[in-house]
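This report concerns backbone conformation and cysteine placement. The sequence and structure are shown below.

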Amino acid sequence: MIEVSNLTKRYGATIAVDNVSFSTNSGEIVGFIGPNGAGKSTTMRIITCYLPADGGTATVDGFDVFEESIEVRKRIGYLPESTALYTDMGVIDYLKFVAQVRGLSGQDLRHRVTEMIDICGLEKMVHKDVGELSKGYRQRVGLAQALIHDPPVLILDEPTSGLDPYQIIEIRNLIKEFGKEKTIIFSTHILSQVAITCDRVLIISNGKLVANGTPDELQQRTQDRQYLEVAFQGDHTEIETKLDQLSFIQDFKQIQSLDQTAAAYEVVSEKGHQTCEELSRMAYENQWPLVSLQPKAVDLEDIFLQLTQSETQLEGVSS
């Protein structure tokens with residue numbers, strides 16, 4: 001449904017999107033994640049014909065986003081991060097206006113507006129102006145305008161930004177429902193949403209695509225590492241100095257300060273190394289009571305940090 005090949009976008013000396021390539025299938029929900037400034041929104045704006053690219057190609061349903069942008073726009077529903085709504089218009093009037101812009105008229109227009117009000121849960125808001133709505137309901141109106149012409153592709157940039165937990169769950173459920181029939185790409189900073197909602201994940205960092213796969217496939221990329229949670233009772237500085245000196249430990253971070261004399265750490269080490277035994281020995285030799293020591297399941301947050309930090313380090317070395 002979407003084909004992106006070697007897409008590149010520059011802003012002066014800054015490369016915002018760096019030879020990005022990926023494709024999506026019909027009926028697939030794809031999570032697009034990365035740090036702030038990684039190139040997510042720029043890529044989405046290029047696909048939706050809001051920005052030109054400096055190199056590469058992109059097609060939607062076989063139509064080129066640069067040469068056949070009108071056909072592409074007919075097939076895409078777009079919800080930008082900052083939803084552009086006419087706040088002085090009533091909810092129904094706004095949706096009618098968008099439907100007319102999208103080429104609907106007569107019975108088709110009325111039916112589609114009614115359907116969007118029902119699907120997006122706007123029944124209680126139909127007599128209000130858009131400017132009177134809460135952030136959550138404005139997002140619902142934004143989704144309704146993106147869906148009004150029943151496009152096969154949805155591009156949603158941070159659709160749950162600024163929402164409370166209940167609103168996030170509601171929007172997430174809507175995305176999952178739409179994904180049964182449509183191709184959806186959505187960006188978010190809430191990684192737990194991606195793991196629950198998405199069929200596939202794209203991770204971008206410094207403008208480069210650093211991962212593309214299902215959540216299970218991405219987990220396989222961490223199989224050369226093992227993750228442990230360990231808690232010692234002892235001086236924090238001394239403990240961290242010792243951890244830093246162990247060559248088989250690739251990374252560690254304090255995840256909880258239990259009290260002034262105890263702390264818990266997440267430790268990442270080489271796969272297959274007897275890390276538990278080594279940490280137990282270190283605790284014994286330094287007379288630090290070992291409060292706990294257990295394996296830690298790898299989640300999408302660990303994978304995200306590993307891949308984006310690795311890319312950042314490589315960028316720093318090359319520059």
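## Cysteines and positive phi values

Cysteine 276 is partly exposed, at a relative accessibility of 30%; that class lies between buried (under 20% relative accessible area) and exposed (over 50%), computed with a 1.4 Å probe on protein chains only. The model is predicted, so that local features need pLDDT of at least 70 and side-chain atom pairs count only at pLDDT 80 or more, while totals for chains, interfaces and linings use all residues. Residues are numbered from 1 along each chain as its sequence is written, and side-chain values use heavy atoms, with hydrogens and water left out.

Cysteine 198, by contrast, is buried, with 9% relative accessibility. Its closest cysteine sulfur belongs to cysteine 120 and lies 19 Å away, which is too far for a bond. A disulfide is defined here as a pair of cysteine sulfur atoms within 2.5 Å, and the count of disulfides by this rule is zero.

Two residues other than glycine have a positive phi. The elements flanking them are DSSP runs numbered from the N terminus: helices (H or I) of at least four residues and strands (E) of at least two.

| Residue | Phi | Loop between | Relative accessibility |
|---|---|---|---|
| Aspartate 61 | about 55° | strand 4 (55-60) and strand 5 (63-64) | 38% |
| Glutamate 158 | near 50° | strand 7 (153-157) and helix 6 (165-178) | 6% |

Of these residues, aspartate 61 is partly exposed, whereas glutamate 158 counts as buried.
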